[in-house]
Structures are given as C-alpha cells and as structure tokens.
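Student: Could you take me through one part of this model in some detail? I'd like to look closely at a sheet and what packs around it.

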Amino acid sequence: MEAITAWWQGRSAATQDVLLLLLLLAPAILAGLAVLRGYRPYALVGAMLWRYRFTNALFVALIAVSVGIGVGLIAQERGLRKGTARAAEKFDLIVAAPGSEVQMLLAAVYLQPVDVPLLDGPTYDAIARHENVVLAAPIAYGDSFGASPVIGTTAPFVAHLSGDLAAGRMFAALGEAVAGAAVPLAIGDAFEPAHGVGASAEHGAHAGHALTVVGRMQPTGSPWDRAILVPVESVWAVHGLATGHAPGDARIGPPFDPAFFPGTPAILVRAEQLWANYALRSEFTTERTMAFFPGAVLAGLHSMLGDVRQVMSVMAVLTQVLVTAGVLAGLVILTRLYARRLALLRAIGAPARFVFSVVWCYAAALIGAGALLGVAVGLAAVGAISRLVTARTDILVEATLAWPEFHLVAGFVSLTVLLALLPAFMAVSRDITSDLRS
Amino acid sequence: MTALDLSVRDLVVTGEGGRVLLRVDALDVPGGTRLGIRGPSGAGKSTLLHALAGLLRPASGAVRWGGTDIAALGDAARARFRRETVGLVFQDFLLFEELSALGNAALAAAWSGAPRRAAIAGGAASMLDHLGLSGHARRSVASFSGGERQRVAVSRALAGNPPVLLADEPTASLDRASADRLIEDLAGLSAARGMTLVAVSHDAALHARMDRVIDVVDGAIRKAG
C-alpha cells in the first residue's frame, strides 16, 4: 500500500488527474466490454432511441441539467475563490485602526465603503519611515463619479497596482486622475465628483473641484478597475482638510508632514522581503493599530467557503443521485414501452445476454449523452454566472471546468451505467408470451 | 436442412393459479407437413403454438422436435433451439419500424458470430428477393403496406433457413389479396424447403393449403383433420 501511495505521489498532477479519470470511468468501460462482448446491438439501440425520441430527449435533458448544475456549482465556487484571491494579491499588508479585519479587507481591497476610525499622521509617519517599508500608501475614499468610487492614494501605489499604465500618464497635480480600466471615461475627460457613493451621493457638493483624467490603468481583475484614482491630497483638499503638506507646499505624494496629515482609514504597506512583512505585521499590531495580511483573512474566508463547497458538493451529488433514481425509474418504464419488441427478440432466439445488452446500451447511450450535454450545460452556466458576478462585483471571475468536474461526471457516468444493469436485468426477466400478447 | 418430426405427449400448460390452459394427450406431425390449427378465440391455439416454439415451459408432458424434448430444456437451451430450428411469424408483424427491410430480416445477425452473421445476411437478402422485395430492401419498413411487412417478417423468420416455421394468425392483419399471396408464399416455401409449417389461423383459405388441420376447443384438440 505504501509503495502504491509513493508511486502515486511520484506522478505529476496532470498524470494523477488523467489516471483518476480513467479509474473512475473504468467500471463503465469494463461493464460495457462485458455486456457488449460479441454482439452488435447498435442498430437496434438506434431504433429504440429514435422511436421515442422526444421522451429520450427529455431524459437526456434531465440528466444534462443535473450534471450541469453539479459541475457548474463546483467550478463557480473555485472561480470565485481564485478571483477574490487575485484581486487581493497586490495587497501585502494593511495597517488600520483596530477593528474588524474582514471589514477593512472589504473596504481597502474590494472598495466597499465603510466608516472606520482614522490613523493619524505620526502613525503613518512611523510606518512610512520604517526601514523595511518600500511602499506605504494612505487611502481616502468617500466620493464617487457615477458607479466609480474616487479613491485618493499615491502614485507609487497606482504604479504598484497597475504596473505600466495602459494609456496616458500618472497624475502629477491635485486636479488630475487616473481611471481604472473599466471606468467609462476617456483621457482628457473632466468631471466633478459627487460626495458619497451610490444613491445617497450628493451631486454638486464638490462644485468647482473638477478632475481631469490623464491616464488609464491596466486591468487588474479587481474592483479597482472601476475606481478613479486621484492624489490623496486631492480628496483631503476637496473636503477642506489639510493636504498632508505644510501650507504653501504644492507637492503631491509622500513624504507627508505628520503635523498636516488629516488621517487615513488604512495604509497599504509593502516590504521587499516576505519576512519583513511578518515583522511589520508584528510591529504594527499594537493597541492603536491593527496590521493584517489580506491574503490570510481571505484564506480564512475561503476556508469557510471550503466548508460551503463541501456542502455544495454533497448537494450536487445528492441532486445527481435523485436524478439517477428518477432516470432508472424512467428507464424501467421506458423498457416496458419496448417490452413487446424485446419479447420478440427473445422469441426468435436472441440470447438473454443480447437483449440485456440492448437495454443496457440504450440506457448507457442516454446517460452518456446526458453527461456530455451536462458538461456543455455546466460550461455555459459557469461562463454566464462568471460574467454576471464580474459585472456585479468587478472581481474578475474566470471560472471554467477543470479536472474535479470531469472526475465528478466520470463517477456519475460509472455509477449510473452500473445501476442501469438493473433495468436491463428486469427486461430479460419478463414473461415472453405475456409481452408478446400485450 | 433436415425436416423434423413433431411429437407431443401428455402436454399440460397451466396459467395463473394452476388453471389448465391446454391439454394435449398426443399429437404427431411428420417432418415437412403443413399443419393448420383452428378454433374459436381463447381456445388455446396460440398457447399450443407457444408451447411448440418453446416460448413457455409446460407444467408437464413432452414436446419433441426430432429427438429433442424442448419441454425439458432450460431457458437458454430453448432460446438456442428457437434460434437454430424455428422461424416465427406473428399476426401484427412485430417489425422494428426504424430499420430497413433488410435490417429487420437480418435481425439475427446482431447476436450471431461472424460466420453465421454473413449467412443470415445472405439468407435475409435472398428471402426478400424471393418474396418480391429485393428493390425495397434498404427502405424503412415504416413505409411498407401490411402485405409487404408480413413478407419482411417471413424473411426474418426464414433468413437462418430453419426446418420449422410457426405462424400465429399470419394473414389476420392483411387484406384478401395480400393474404392470398402470403398463403401462396408460405405454402410454396414449405414445399420447396421441406419445412414443417404450423399455422394458427381463422383463415379458411390458409387451411385449404395445409396438409392437415386440427381444431382446438376449450384447451384441447377436438378433431384431427
């Protein structure tokens, strides 16, 4: 057993997946070889399929929907997990006032507005001046334009988020903005932000504080694609606060003067070394500050989602078991429709195993077609739901079918074609003369 | 093909609750004979035919074709006997509508090994040709008339060149002209092949072409003609 385990673990992931698929399909393949050996029932099976084609199509559709839901649920959950993880991967460490890490994760990474206490200038200064910190970006939010939140931050953080800009240049003055990849503004467009976000936003509250788009970010696959990024000083100034610099100092960006720093709900921190991030988290986890890894918080959420995934998987399997039971009951009824012709076959001398093979092959054809169509249904459903989730959350969800879904389908096919031996057995156990007279 | 004598002794077929459906003390039919069976509906004609075909297992008695008592055989052996020895024709043809005439006639090829498969396919084509359907062999039987369908059914029954043909009301679903043609075909084939033909029918024209006719009444043979 240990040797087998060691051999298995020595195989690549792709090899393991292929082998597992074959292993799961093996019962169906072996049953098929055993049942069909020496016979050619295909013309008869084709005739049976065609004779009640609409009923058969209904069965195939039923199986397809069941399989599609099963594989779609699992693929979608994985896609959502990957999408949220990708959206957070640029955020190494977040420092905020003590409170809920999840709430701050939602606010800073996924741009869900939330009221939290602010960190003051000395705190920011201590973080920004730390020898291991290469990037410490304050953020400021609360304004919007249409569906796009206006986020104040620093140019280095925009560069960190986007890499090279897709078009234009980085903001360099208070009235300039860089649009996220999905913002419906062109370079050169000017707009006045509303105070607040969503339906309660106050339009005209910031009249006279027009912003002009000077650049566009690369797509990030995160809600930041929908954001309009401006110098943090711009947000502070619009709200009548100090700009982080001494009066008369027109610079934008760090370093900020702690005496004129109006506060920030979160500081997005980056260190060059992984160990340094851990050290910074430890150092800035104090009575006045909370430091956390967004990835770790997300992992906790995903762990909870993992439990949900297991429940979903069980539900998918249960759904398929129920459908299988329905299909088998239906197959028994369908084979009764063919009872007279099956009796004819037996009357004219067909071996019982041949008649058995006809019924089994017929059932396997329905199941196989349903499973294949189910994969297509799952693929289409996953694509549609992914687009919907991406449109609603701006988190790029690229869900697609992968090996676990194919394993699920293979297991379903094997289980059901083995169970299909039962109606086949029942079909050859019927009384020939009664069926001939029916 | 060797003609097989039929010998039935003390045959009792029972139905639900042990009710006696058919009792035949003795029936002997030499190989190559054309035997007609007639009688009122529900008298037991078809039950007798099913017993002769080995489609049912009698409660007691013997049904010997040649030296083989098929009443003593198991299900698989009786199926093999039917496969190798008996051709069956039914009142309502029992064809697969979705298959061609040749597909129906050569049905047995689907469960036969390669050498026999070829023989059955050849026999089916030959029978269709003999019965005037060679030009329609590839057509779906769904478009066939009743007479044509029954000729396809006869082709299916005789594709394997069996020594015995059992027919259950073969002309009942046909118009007179088609029935007469079928009767000619059955009589001609029986004579040409030396084949034993047993036909259950209400059709006097069919019985007129038989060598011998028996009456079955109330589950027993009342008169041997």
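Tutor: Here is the sheet in chain A, followed by the domains and a helix pair.

This is a predicted model, so local features need pLDDT of at least 70 and side-chain atom pairs count only at pLDDT 80 or more, while totals for chains, interfaces and linings use all residues. Residues are numbered from 1 along each chain as its sequence is written, with chains lettered from A and ligands numbered from 1 in the order in which they are written.

The sheet is open, has four strands in the order β2-β11-β1-β12 (chain A), and pairs antiparallel. Strands here are DSSP runs of E with at least two residues, helices are runs of H or I with at least four, and both are numbered from the N terminus; two strands pair if DSSP finds at least two bridges between them. At the edges stand β2 (133–138) and β12 (290–292) of chain A, each with a single partner strand, so one side of each lacks a neighbour in the sheet. On average, neighbouring strands are turned by 20° against each other, direction ignored.

Now zoom in on strand β1 (residues 93–96) of chain A: three bridges join it to β12(A), running antiparallel. Within that pairing, A:A96 stands opposite A:M290 in β12(A).

Two helices pack on the sheet. Helix α5 (residues 101–108) of chain A touches β1, β11 (266–271) and β12 of chain A, and its direction makes about 85° with that of β11(A). Helix α9 (residues 274–283) of chain A touches β1, β2, β11 and β12 of chain A, at about 145° to the direction of β11(A). Contact means C-beta atoms, placed from the backbone, within 7 Å; axes are lines fitted to C-alpha atoms, for helices over the stretch in contact, and angles run from 0 to 180 degrees between N-to-C directions.

Zooming out, chain A is divided into domain 1 (14–87 + 301–437) and domain 2 (91–298), with bounds from an automatic or database domain assignment. Their C-alpha centres lie 51 Å apart. The contact takes eleven residues from domain 1 of chain A and ten residues from domain 2 of chain A. On the domain 1 side, α4(A) gives the most, with five residues.

That same helix, α4 (residues 53–88) of chain A, also packs with α12 (residues 352–393) of chain A at about 40°, their axes 6 Å apart. That makes α4(A) oblique to α12(A) (under 35 degrees is roughly parallel, over 145 roughly antiparallel, 65 to 115 roughly perpendicular, the rest oblique).
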